[in-house]
Structures are given as structure tokens and as C-alpha cells.
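User: Please take a close look at one part of this model, the loop positions with an unusual backbone angle, and then place that part in its wider surroundings. Longer explanations are welcome.

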Amino acid sequence: MKLISTRNKNVEMNYSEGIIKGIADDNGLFVPQSFPTIDIKTLVDDDYQTIAFKILYHYLKDEFEADQLNNIIAKAYDDKFSNPSIAPMTTYGQLHFIELFHGPTLAFKDMALSILPYLLTASKVIADLDEKIVILTATSGDTGKAALEGFSDVKDTEIIVFYPKDGVSPIQKQQMITQAGENTHVFGIDGNFDQAQSAVKEIFTDQDFKATLKTNDYIFSSANSINIGRLLPQIVYYFHAYMQLVRQGTIALGEAINIVVPTGNFGNILAAKYANTMGLPVNRFVCASNKNNILTDFINTGIYDLNREFMQTLSPSMDILISSNLERLLFHISNQDDQLVNQLMDDLKTDGRYEVTPTMKENLNQFYGNFCTDEETLQTIKTVFDDWDYLIDPHTAVAVKVYEKYKQDNPKDQHHTLLASTASPYKFPGSIADALSIDASGIDDFQLIEKINALTQVKIPKNIASLVSKDQRHQQSIAVDEMRSIILKALTID
Ligand SMILES: *Cc1c(COP(=O)(O)O)cnc(C)c1O
């Protein structure tokens with residue numbers, strides 16, 4: 001099994017090397033050269049860890065020993081997840097929420113970032129690399145904390161995180177700036193997530209900068225979902241959830257389902273597509289966006305157009321206009337046309353816009369795209385709580401609202417539906433209070449959390465409760481053009 005780049009399919013790369021590099025030298029993203037298929041009936045009785053092994057081993061078996069991979073999985077998916085099933089499911093009618101937020105940082109990023117550090121450390125040994133690794137990460141709020149938690153005090157590794165200083169929730173910020181670990185570095189930037197992500201990508205491919213690092217015995221890697229090591233572990237929970245439905249007798253083995261995903265960088269929904277390519281029966285993928293609805297327009301028209309305003313919404317982890325993983329989808333739906341992908345990415349760079357071919361547009365038909373406003377997000381949190389006594393976060397609410405729109409547009413569709421529930425509502429207490437008309441005046445987020453708990457009886461995760469008393473270790477904020485110099489400083493390179 002090998003990786004190839006979306007911008008040059010002729011260069012084959014080992015998985016271990018691809019995981020270390022994060023992004024290809026030609027600026028493309030690594031994708032599997034081919035997809036293994038898996039016989040779903042062999043997974044029916046398996047727990048999360050066993051399914052994770054069966055999926056990942058298909059990709060990694062030329063490079064990783066079976067025992068080694070099993071060990072990695074056991075360490076990644078242990079009791080740092082507060083629920084023993086790792087990704088439990090909650091059902092209302094035909095809608096099944098896969099709760100992906102029971103990991104240490106309370107968002108779905110933990111599903112992959114709890115395993116990535118182990119995969120990366122093992123990859124270093126496999127690839128016989130001596131350099132220390134610098135994990136460079138741009139975050140819209142959740143990746144940063146999950147990566148910090150995963151890489152904190154990992155040997156021979158430094159982790160540097162950049163977040164938009166006014167673009168994350170107060171709890172997300174507190175989670176990051178209180179991060180422990182001698183090797184952790186966190187900076188707010190004067191800019192939005194797209195600016196942070198673009199700057200990080202540029203630094204990644206800046207040959208001079210990389211050479212400077214190399215002479216100081218450092219190499220870059222990425223914890224963002226551009227890293228294939230993020231995507232593969234995300235395939236697992238879709239199979240796991242499907243098997244739960246089969247075991248409960250809700251669906252028959254082989255029956256197709258819909259999958260709804262609140263989407264930003266297109267990583268989570270792409271992992272669902274990869275699961276489908278490997279043999280998971282899927283009818284439609286529902287791509288849910290907030291008012292930054294560039295993906296909705298893309299799915300409906302085949303035109304990706306950046307010439308629009310960036311908006312801050314109540315679902316900040318989806319406030320993204322440059323959706324990185326879409327490049328991988330373009331490669332797949334163009335039948336691996338790397339030249340065309342180069343062309344489209346050039347168009348995006350020069351005109352801020354590209355249009356896919358009619359064949360590619362047709363291949364997008366399996367995706368449904370729609371979006372929802374902040375008002376609809378709050379209304380949905382309230383309705384779901386009133387009707388089902390179930391508390392969801394603003395990102396999950398976007399997905400629920402868009403699922404409703406999907407049902408209105410497709411009234412005959414009777415498929416059972418998995419919905420990716422991506423964060424704990426306690427990460428966004430301000431929005432929850434607004435939605436449920438809880439008076440938040442004059443109190444801070446932590447007092448507000450107590451109030452929400454009193455009203456809803458939803459348990460406060462211990463990693464939120466303990467945040468209030470933690471030392472704020474990382475207070476610095478910088479301009480986007482200071483990122484290079486701050487990296488050198490963090491690594492004590494002159
Ligand atoms: C990252 C994130 C998303 C978006 O996921 P992508 O893989 O970037 O599409 C949605 N919801 C939450 C809570 C997130 O943290």
C-alpha cells in the first residue's frame with residue numbers, strides 16, 4: 001500500500017513517510033493510491049479498537065507490525081475517553097447521533113489526534129529519522145487543543161499552535177492557553193483561520209525555512225487534517241456506528257444509510273466517503289455548513305468561489321472558506337486526474353475560483369449540500385432540547401438543521417441516518433444559554449456552565465470543570481507575518 005500526491009500520482013510514498021511529511025513536496029495532499037475493501041460482515045461483533053485495527057492495518061501492514069499497531073490502538077483509545085464504547089450512539093427515530101466528543105478535549109478531533117502522536121512516533125522509527133519533529137498547527141478552535149493534548153511531552157517533538165485570537169470560543173481559548181507540557185507553544189494571531197492555515201501551508205513548503213530547521217535537526221509535520229494520519233482513524237467510527245445499528249436490528253447488514261456531517265475543512269465527511277469506498281453502504285452524504293456556505297454552493301453548482309466575505313458564526317470550528325480536504329475529493333471524482341487538480345488549484349490561487357468538469361459535477365451527486373444561519377442554529381438547539389431532552393452543541397445543531405432541509409427536499413428518503421455529533425455543548429456555553437434563554441448577564445462561562453447543568457441535568461465533563469483553576473501559560477498574540485520568527489524563537493534557533 002502506497003500514498004500518492006493529488007498533484008502528482010506518479011510518485012509513490014510510504015505511509016510512514018507521508019504521515020511524517022504531512023504535505024507532499026509538490027504542495028499536494030497525500031491520498032491512498034488504492035482503497036482496500038473490507039467485508040462488512042466480518043466487523044459486526046467487533047468493538048471500537050478491533051474495528052480500528054482492521055481498518056488501519058489494511059493501509060499500514062507493509063510498514064507496521066500487527067502487534068505494534070494493536071498496541072498503538074490500545075494506548076490511543078483507552079480510558080482517556082469517558083465512554084467505554086469510545087463513540088456511543090444516541091437515537092431519535094431514524095436519526096442516530098454518533099457522539100464523537102467523549103475524548104479528552106471534548107471535540108471529535110480527539111478521535112484522530114489521540115492516535116496520531118503514536119503513529120508519528122512509530123513512523124519516525126520505521127523511516128529511520130533522527131531529527132526532532134515540529135508539529136505546526138493552525139486551528140479553528142478544536143484541532144489545536146486536541147493536538148496539544150496528544151503531543152504534550154511526547155519525546156523529541158515540539159508542538160506549535162496558531163489560533164485566530166478573536167475567532168474561538170472562550171472555553172476553547174482557555175483550553176489552549178492553559179496547556180501543560182514543556183514542548184507546547186500556543187499563539188493567538190491577528191487574523192482568521194484561513195489566514196492561519198494558509199500561512200502554515202506556506203511555511204511547510206518554504207524550502208529555505210525548512211533548510212534552516214534541518215540544520216538545527218528539526219523537521220516539520222502537521223496535525224491538521226491535511227495529514228493522512230488524521231483521516232484514516234476517522235474512517236473507523238462510521239463502520240463502528242453502522243455495526244451498532246446492525247447489531248441492534250435497526251438495519252439489515254448491507255442496508256444503505258445516510259451520513260450527515262457538520263463540515264469545515266472537509267476532513268470528517270471525506271473520511272465517511274473513504275469508509276464508503278472501502279465498503280460501507282451509503283446512500284447520500286449530507287454536507288452541512290454554516291453561513292460560510294462555500295461548500296453548499298460548490299456541491300450545487302460545481303463552482304468553488306472564494307470571492308465572498310468571511311463570517312464569524314456560532315459554529316466557529318466551521319468558519320472556513322479554504323476547505324483543504326476538498327482537493328482530495330477533486331482528485332477522486334476526477335478519476336485521479338492530477339494535472340486537472342493542479343489546474344484547479346492554480347485557478348483558485350490566481351482567480352479565487354474554479355469550476356469542475358461536467359463528469360466531476362456528476363460524481364458529486366452522492367453529496368447533498370445545504371447551510372443554516374446562526375438563528376436557525378439556536379432554534380435547533382432549543383427544539384432538539386424541548387422535543388428530545390437532548391442537548392447538542394452549535395456545530396451539531398447545524399447538522400441537524402441541514403438534515404431537516406435534506407428531508408424536506410427528499411421527502412421519500414427513508415434511510416436511517418448517522419449524524420456526526422462533533423463537540424460537547426459545554427464547549428459553547430454562551431450559545432447554549434442564548435438558545436435556552438438562560439440569563440448569562442454578569443456571570444462568567446464557568447458559572448454559566450453550572451447554570452446549564454442545573455437546568456439540563458447534562459453532566460459537566462471533568463476536563464471542563466477543571467479548566468477554571470488552571471494557570472494561563474500561553475498569553476502571547478502575534479501578527480500573521482510574525483509566524484516564521486516566532487517559530488524560530490520557540491525552537492530557540494537564532
Ligand atoms: C473541526 C470541526 C468540525 C469540522 O470538521 P472538518 O473535518 O474540518 O470538516 C465540525 N465541528 C467541530 C466541533 C469541529 O471541531
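**Loop positions and their surroundings**

Analyst: Asp-128 counts as exposed, since its relative accessibility is 63% (over 50% is exposed, under 20% buried and anything in between partly exposed, with a 1.4 Å probe and protein chains only). The model is a predicted one, in which local features need pLDDT of at least 70 and side-chain atom pairs pLDDT 80 or more, while totals for chains, interfaces and linings use all residues. Numbering runs from 1 along each chain as its sequence is written, and side-chain values rest on heavy atoms, without hydrogens or water.

Asp-128 lies in the loop that runs between helix 5 (116-126) and strand 6 (132-138) (DSSP runs numbered from the N terminus, H or I of at least four residues for helices and E of at least two for strands). Although Asp-128 is not a glycine, its phi is positive, at about 60 degrees.

Gln-336, likewise not a glycine, also has a positive phi of about 60 degrees, and this residue sits in the loop between helix 13 and helix 14 (338-351). With a relative accessible area of 25%, Gln-336 is partly exposed. In this part of the chain, Asn-335 too takes a positive phi of about 60 degrees, just after helix 13.

Helix 13 itself (residues 326-333) is largely enclosed by the rest of the structure, because seven of its eight residues are buried. The buried residues of helix 13 are Leu-326, Glu-327, Arg-328, Leu-329, Leu-330, Phe-331 and Ile-333, so that charged residue names such as Glu-327 and Arg-328 appear on that list beside Leu-329 and Phe-331.

A further loop position is Ser-424, between strand 15 (417-421) and helix 18 (429-435). Ser-424 is buried, its relative accessible area being 3%. Once neighbours within four places in sequence are set aside, Ser-424 is in contact with Phe-101, Leu-106, Asp-393 and Pro-461 (contact means heavy atoms within 4.5 Å).

Turning to the interior, the largest nonpolar core comprises 107 residues, and Ile-235, Tyr-238, Phe-239, Ile-259 and Tyr-354 have the most contacts inside it (buried Ala, Val, Leu, Ile, Met, Phe, Trp, Tyr and Cys joined through side-chain atoms within 4.5 Å). Helix 10 (residues 228-247) supplies the largest share of this core, with 13 residues. Again leaving aside neighbours within four places in sequence, Phe-239 is in contact with Ile-38, Ile-40, Leu-43, Ile-51, Ile-55, Ala-275, Met-278, Gly-279 and Leu-280. There is also a second, separate core of 39 residues, which includes Val-286, Val-384, Val-402 and Tyr-403.

Two helix pairs complete the surroundings. The axes of helix 2 (residues 48-60) and helix 3 (residues 66-76) come within 10 Å and cross at roughly 135 degrees (lines fitted to C-alpha atoms over the stretch in contact, with angles from 0 to 180 degrees between N-to-C directions). Helix 2 and helix 3 are therefore oblique to each other (under 35 degrees is roughly parallel, over 145 roughly antiparallel, 65 to 115 roughly perpendicular and the rest oblique). Gln-49, Ala-52, Phe-53, Leu-56, Tyr-57 and Leu-60 of helix 2 make this contact with Ala-66, Leu-69, Asn-70 and Ile-73 of helix 3.

For helix 7 (residues 170-177) and helix 19 (residues 445-456), the axes come within 11 Å and cross at roughly 120 degrees, and helix 7 and helix 19 are therefore oblique to each other. Here the contact is made by Pro-170, Ile-171 and Gln-174 of helix 7 together with Asp-445, Phe-446 and Ile-449 of helix 19.
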